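Colleague: Got a minute to go through this one with me? I'd like to talk about helix packing, then holes.
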Amino acid sequence: MDHDDLVAAFSQTVGVEKADRLITEAADDLGIDPGGTYTDGEIDDVCDTIQHSGDGYVRLVANEVRVRLQARRRFDALLDEITDPVVTVAFESAEPIVTAVNPAFEETFGYGPEAVGEPLTELIVPEDRRRDAVDQWLRSDPDGGVEVERLTADGDRRTLLFRPVVVTRGDGRIEGHGIYTDITERKRRERRLRHQNEQLERFASVVSHDLRNPLQVARGRVEAALADTDDERIRKHLEAVQGANDRMERLIDDLLTLAREGQVVERQTPVRLGTVVDDAWAAVDAPEAAIEVDCEHTVAADRSRLQQLLENLLRNAVEHGSTSPRSTSSREDAVEYGPKDEDPVTVRVEGLDDGFYVEDDGPGIPPEERERVFEHGYTSRTDGTGLGLAIVEAIADAHEWDVAVREGVDGGARFVVTGVAVL
């Protein structure tokens, strides 16, 4: 701080002439050049000298200036520790002029101490964005910031969340502090996700129209052929074709579901987990199975997708809980599951501190197979599509949840979903 700035700090209460005289006399007593720039220690010494040599009112002023300067130093130290870029500006004819930057600002934008005294808009604001740059300092944004585009010294265009704070200093000057949070990568991810979602929508349209329509034609032709023939050998072949048509339709349905459920969940609402479990169980064809439910949680989720996830897990438990594994894949190395016994399966759903699990009392899944169960095409049934658990994982990923398979208490399979926001 130079002499004039220190005089200005005192002059608000004692006047310019008296402030200049007090500071000059104190500096002379201390052997400090009163016309130069004072260090922090010299400012403290000057204020201390004035405080001890002046009258009661002057002592109060000196102490106030010292406290204010100490707070300023603590603030500057805090700025250095903030990991987001921060700039401090003064306003000259509404133009923000840089007075200080923190190390993160220099790292992000490429401007350090040399930026002091320069118009901020000319340093980092693209020309097509300068008209709004000044107004953004005075905006009050209830959402915590305004999205802006700024330039680095190398000309790289970045997307940032800008949060301004404008204050009036003790000497009446207006000062602004701006914090920038770099969201460039997040915005790029959002653009990629939007592009992927658009691709999925186009894919779903192709599957729904270009595949389902000819399949319906094939189904109609087979039904007509079955009605026109009594030849058992021909009927057997036609029924095999119809079975393949049925499997193809299930595959199309699952592919459409996978495309839809893989999209990012943009809005989650509070839902009662137990209620969704009840609705999901009602949609599962399992008249011989039993279910135990212990989950009174309210969770944040997309209700429709959560129900789809639970339906798939419950259906998987019912279909596989009463079979014994000879193999678990629909690929070339597959050997089908064989029947275990006629005992109905019992499924248990229980809430956790950060999610829930779905467990059956069947034969379970061998440890070496557990990493593969979510792969596309992985199934234990000859008529399965191998997409049911892939859909479960897609829905979990869309919510930013984790899903894993473990061994159940009774040796069956336990599918654990964690990372869920429990309200």
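Modeller: Sure, and one term before we start: the axes I'll quote are lines fitted to C-alpha atoms, for helices over the stretch in contact, and angles run from 0 to 180 degrees between N-to-C directions. Also, keep in mind that this is a predicted model.

Colleague: Fine. At what angle do H1 and H4 pack, and how far apart are their axes?
Modeller: Helix H1, residues 3-14, packs on H4 at about 135 degrees, and the axes are 10 Å apart. Angles over 145 count as roughly antiparallel and 65 to 115 as roughly perpendicular, so H1 and H4 come out as oblique to each other.

Colleague: Which residues make that contact?
Modeller: From H1 you have Leu-6, Ala-9, Phe-10, Gln-12, Thr-13 and Val-14. H4 brings Tyr-57, Val-61, Ala-62, Val-65, Arg-68 and Leu-69. By class, that contact splits into 9 nonpolar, 2 polar and 1 charged.

Colleague: And is the crossing left-handed or right-handed?
Modeller: Right-handed, for H1 passing H4. H1 also passes H2 in a right-handed crossing.

Colleague: OK, what's the geometry of H1 with H2?
Modeller: H2 covers residues 16-30, and H1 packs against H2 at about 130 degrees with the axes 7 Å apart. That pair is therefore oblique as well. On the H1 side, the contact includes His-3, Leu-6, Val-7 and Phe-10, while H2 offers, among others, Val-16, Lys-18, Ala-19 and Ile-23. The class split is 7 nonpolar, 3 polar and 2 charged.

Colleague: How do H3 and H4 cross?
Modeller: The axes of H3 (residues 40-53) and H4 (residues 56-81) come within 8 Å and cross at roughly 160 degrees. With the cut-off for roughly antiparallel being over 145, H3 and H4 are therefore roughly antiparallel. H3 passes H4 in a left-handed crossing.

Colleague: What's in the contact, by class?
Modeller: For H3 with H4, 7 nonpolar, 3 polar and 6 charged residues. The H3 residues include Asp-40, Asp-44 and Asp-48, and among those from H4 are Arg-59, Arg-66 and Arg-73.

Colleague: Switching to holes. How many cavities of 30 Å³ or more does the search find?
Modeller: Just 1 over the whole structure, with a volume of about 40 Å³.

Colleague: What lines that cavity?
Modeller: The lining is Pro-96, Leu-120, Thr-121, Ile-124, Val-125, Ala-133, Gln-136, Trp-137, Arg-150, Phe-162 and Tyr-180. By class, this lining has 8 nonpolar, 2 polar and 1 charged residues.

Colleague: Which helices supply at least two of the lining residues each?
Modeller: H6 (120-124) and H7 (130-136). The largest share, 3 residues, comes from H6.

Colleague: Great, that's what I was after.

Key. Residues are numbered from 1 along each chain as its sequence is written. This is a predicted model: local features need pLDDT of at least 70, side-chain atom pairs count only at pLDDT 80 or more; totals for chains, interfaces and linings use all residues. Side-chain values use heavy atoms; hydrogens and water are left out. On a 1 Å grid over the protein atoms alone, a cavity is a set of points where a 1.4 Å probe fits but cannot get out, and a pocket is an open set with protein on both sides within 12 Å along at least five of seven lines; lining residues have an atom within 4 Å of a point. Grid points are joined across faces, edges and corners, and a volume is the space filled by probe spheres set on the points. Helices (H or I, at least four residues) and strands (E, at least two) are DSSP runs, numbered from the N terminus. Ala, Val, Leu, Ile, Met, Phe, Trp, Tyr, Cys and Pro count as nonpolar, Asp, Glu, Lys and Arg as charged, and the others, Gly among them, as polar. Angles under 35 degrees count as roughly parallel, over 145 as roughly antiparallel, 65 to 115 as roughly perpendicular and the rest as oblique. A crossing is left-handed if the near helix is turned anticlockwise from the far one by less than a right angle, and right-handed if clockwise. Contact means heavy atoms within 4.5 Å.
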